[in-house]
Amino acid sequence: MPGRAEGYEELRRRLVEKLLREGYIQSERVLKAMLRVPRELFVPEELRHMAYEDTPLPIGHGQTISAPHMVAMMTELAELKPGMKVLEVGTGSGYHAAVLAEVVAPSDMPPEKWGHVYTIERIPELAERARRNLRKAGYADRVTVIVGDGTLGYPEAAPYDRIIVTAAAPDIPRPLVEQLRPGGKMVIPIGDRYMQYLYVVEKTHEGRIKARPVTPCLFVPLIGRYGWRPEDL
Ligand code: SAM
């Protein structure tokens, strides 16, 4: 079990190389981000020794931190660029938000060129822990954590260049489509409770919506006004 930062760095490098070989990481930007963000700071202390296994892990309240290959794949599909404004629905541990931040606001770029990540979590205790994790990892000034129902989006900072939803919805929540900038993209798992497809949704400059299924996946449910109702589950 690694007890020092160097130990985790080596494990991180090996995991990232595996994700590269497997084709989940395809771009220099996502490669750099996954190499930089310390996933061990986002998993519960007793599971730190598993931080660099390519698997989801429990984070409490029946929720999970997504598997690294899923984080890499969704981040690649979003085609992010430095300077972009991103909304993530489903903060969980805050790890994916940090990876998104490292792409739109890279640590080696002057802060005045940084984009920003807004991330919404419905469970206040998880949001609070994610804030702490993000602070420890050095992302507090690039990520804003909001407590609320993310199916309503976050109109205060709209429109967004990109929206990433990390919980599964029965359909695309209408407010998220409205808060996406024309020319923007959303990555979202859509389907029933136990089987979904990851979709890339594009909003054309004319405001038309094009949705393309990419791969089967399995996420925890998106619970809210435009998602699942707790009594459906
Ligand atoms: N992105 C996270 C990470 O990096 O750890 C993993 C997210 S976890 C798979 C999905 C999260 O979505 C859970 O924390 C869950 O509480 C949250 N969630 C579910 N419905 C939500 C909603 N309507 N608004 C905001 N968060 C929601």
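The exchange below concerns helix packing around α4 and the ligand contacts in this predicted model.

Reader: Why is the packing of α3 against α4 called oblique?

Author: The axes of α3 (residues 68-78) and α4 (residues 95-104) come within 11 Å and cross at roughly 40°. Angles under 35 degrees count as roughly parallel and 65 to 115 as roughly perpendicular, so α3 is oblique to α4. The crossing of these helices is right-handed.

Reader: What makes up the contact between α3 and α4?

Author: From α3 come Val 71, Met 74 and Thr 75, which meet Tyr 95, His 96, Val 99, Leu 100 and Val 103 of α4; by class, these residues divide into 6 nonpolar, 2 polar and no charged.

Reader: How do you know that α2 and α4 are oblique to each other?

Author: The axes of α2 (residues 28-36) and α4 cross at roughly 130° and come within 9 Å. Since 65 to 115 degrees counts as roughly perpendicular and over 145 as roughly antiparallel, α2 and α4 are therefore oblique. Arg 29, Ala 33, Met 34 and Arg 36 of α2 make the contact with Tyr 95, Val 99, Glu 102 and Val 103 of α4, and the residues of this contact divide into 5 nonpolar, no polar and 3 charged.

Reader: What makes the approach of Glu 121 to the ligand a polar contact?

Author: An N or O atom in the side chain of Glu 121 is 2.6 Å from an oxygen atom of the ligand, and a polar contact is a pair of N or O atoms within 3.5 Å, so the pair qualifies. A polar backbone atom of His 96 is 2.9 Å from a ligand oxygen atom.

Key. Residues are numbered from 1 along each chain as its sequence is written. This is a predicted model: local features need pLDDT of at least 70, side-chain atom pairs count only at pLDDT 80 or more; totals for chains, interfaces and linings use all residues. Side-chain values use heavy atoms; hydrogens and water are left out. Axes are lines fitted to C-alpha atoms, for helices over the stretch in contact, and angles run from 0 to 180 degrees between N-to-C directions. Helices (H or I, at least four residues) and strands (E, at least two) are DSSP runs, numbered from the N terminus. A crossing is left-handed if the near helix is turned anticlockwise from the far one by less than a right angle, and right-handed if clockwise. Contact means heavy atoms within 4.5 Å. Ala, Val, Leu, Ile, Met, Phe, Trp, Tyr, Cys and Pro count as nonpolar, Asp, Glu, Lys and Arg as charged, and the others, Gly among them, as polar. A polar contact is a pair of N or O atoms within 3.5 Å; within protein, one must be able to donate a hydrogen and the other to accept it, and residues adjacent in sequence count only if both atoms are side-chain atoms.
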